[in-house]
Amino acid sequence: MIRTHQQPLPHGITLSCRTAGERGHPLLVFLHGFPEGAFVWDGLLAHFARLGYRCVAPNLRGFEASSAPTDPKAYRAKHLVQDIAALVEAEGGHLAALVAHDWGGAVAWGLANQRPALMDKLVIVNSPHAGTFLRELQHSPEQQAASAYMNFLIRPDAEALLAEDDYRRLWAFFTNMFADRGDFAWLTDAVKAQYRAVWQHGLTGGCNYYRASPLRPPRPEDPAAAAVTLPREMLTVTVPTLVVWGLDDIALPPSLIDGLDGYVQDLTVVRVPGATHWIVHEQPDRVAQEISGFLLQNK
């Protein structure tokens, strides 16, 4: 059974959370991406609660009923990482694993780098590491083209355009922009209603993630990623890490996995043919299986 609650954090942010399992059990935290919400993890929350875990999926700041500051600067990486670190502290202070997808993965990579003692393991699902993403944005015309949507999402009218015609452009994120070869049987009327319930809280927070980050394709008027240099100490991850990657993700292609072992000390990569960026929806049993096996390693 999925429960919901509002979790206030010491620095003034409140996260709307979905949970399963009992407090005091080994903790799993699940982080969603854009344009999603915490509900996308419900099946995995229930699955791992049955296995004896405490499972928590927050709506990230700016999403659903979580706090949504209007200033894009409030969505810089240090603030997003602070939110999840504080949430972990509120849930007992230590993670059996942090599981994350898309923008949630960006936050998770940062937390694993800055606060490795908070977690035993890290699981990333189709979310690029900043080191390989920056490399591709700077040097790969293919990645620059695939990520061009980011420059749409920083427009001042982006949220208004996304809301038009019953969110027509947002539905295209699922069916065109990230997954033109996907099977969209999962995108049922019931799932669409869950997405609308998230989006009706507002889209500015989600767009602000893109406005706050320089990791975007460069343009003549905006150097974006071309002007970024990241020190290596901000990129290394010592936590044992599982990366699950749907190979048919067209916005985040598998070239982003290349060279990842140069940043992640203890890395396991699972490549999933026939799965897109939305693998959590498409193949939840496969995702659960891979996470379960990883959690049992070295026990």
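Me: What radius of gyration does the protein chain have, and why would you call that as expected or not for 299 residues?
Reply: The protein chain comes out at 18 Å, and a compact globule of 299 residues would be near 19 Å, so the two agree. That radius is taken over C-alpha atoms, and the globule rule is 2.2 Å times the number of residues to the power 0.38.

Me: Okay, and what sort of model is it?
Reply: This is a predicted model, where local features need pLDDT of at least 70 and side-chain atom pairs count only at pLDDT 80 or more, while totals for chains, interfaces and linings use all residues. Residues are numbered from 1 along each chain as its sequence is written, and side-chain values use heavy atoms, with hydrogens and water left out.

Me: How far does the C-alpha trace span along its principal axes?
Reply: About 50 × 40 × 40 Å.

Me: And how many helices and strands are there?
Reply: The protein chain has 11 helices and eight strands. Both are DSSP runs numbered from the N terminus: helices are H or I with at least four residues, strands are E with at least two.

Me: How much of the chain is buried?
Reply: Buried residues are 55% of the 299. Buried means under 20% relative accessible area, exposed means over 50%, and partly exposed is in between (1.4 Å probe, protein chains only).

Me: What about the surface area it exposes?
Reply: That's about 12,100 Å², with 53% supplied by carbon and sulfur atoms. The areas come from the Shrake-Rupley method with a 1.4 Å probe, and for residues only the protein chains shown count as cover.

Me: Which residues touch the most other members of the largest nonpolar core?
Reply: F30, F48, L98 and L122, in a core of 105 residues. A nonpolar core here is a set of buried Ala, Val, Leu, Ile, Met, Phe, Trp, Tyr and Cys residues joined through side-chain atoms within 4.5 Å.

Me: Let's pick L98. Which residues is it in contact with?
Reply: Skipping neighbours within four places in sequence, L98 meets V29, L31, I84, A108, L111, M119, K121, L122 and V123. Contact means heavy atoms within 4.5 Å.

Me: What share of contacts joins residues at least 24 apart?
Reply: Among contacts between residues at least 6 apart in sequence, 74% do that.

Me: Switching to helices. Why is α9 described as largely enclosed?
Reply: Helix α9 covers residues 204-212, and seven of its nine residues are buried, so the rest of the structure largely encloses it. The buried ones are G205, G206, C207, N208, Y209, Y210 and A212.

Me: What do they pack against?
Reply: Four helices: α2 (77-90), α3 (103-114), α6 (149-153) and α7 (158-177).

Me: Where is R211, and what does it touch?
Reply: R211 sits in α9 too. Leaving out neighbours within four places in sequence, R211 is in contact with P72, L153, I154, R155, P156, A158, E159, T204 and R216.

Me: Which residues of α4 are buried?
Reply: In α4 (residues 130-139), G131, T132, F133, L134, E136 and L137 are. Their cover includes α5 (141-146) and α6.

Me: Now backbone oddities. Which residues does the cis peptide bond join?
Reply: F34 and P35, with omega about 5°. P35 lies in the loop between β3 (27-31) and α1 (42-50).

Me: What is phi for E64?
Reply: It's near 50°, a positive value in a residue other than glycine. E64 is in the loop between β4 (54-58) and α2, and at 22% relative accessibility E64 counts as partly exposed.

Me: And D166, what's its phi?
Reply: About 55°, positive although D166 is not a glycine. D166 is in helix α7 and is partly exposed, at 38% relative accessible area.

Me: Back to the loop with E64. Is L60 buried or exposed?
Reply: L60 is buried, at 4% relative accessibility, and it lies in the loop between β4 and α2. Not counting residues up to four places away in sequence, L60 touches L15, L31, H32, S66, I84, G104 and Y209.

Me: Last one: how many Å separate the mean positions of the positive and negative charges?
Reply: They are 4 Å apart, for 25 positive and 31 negative charges. Lys and Arg count as positive and Asp and Glu as negative, with His and the chain ends not counted; each charge is placed at NZ of Lys, CZ of Arg, CG of Asp or CD of Glu.
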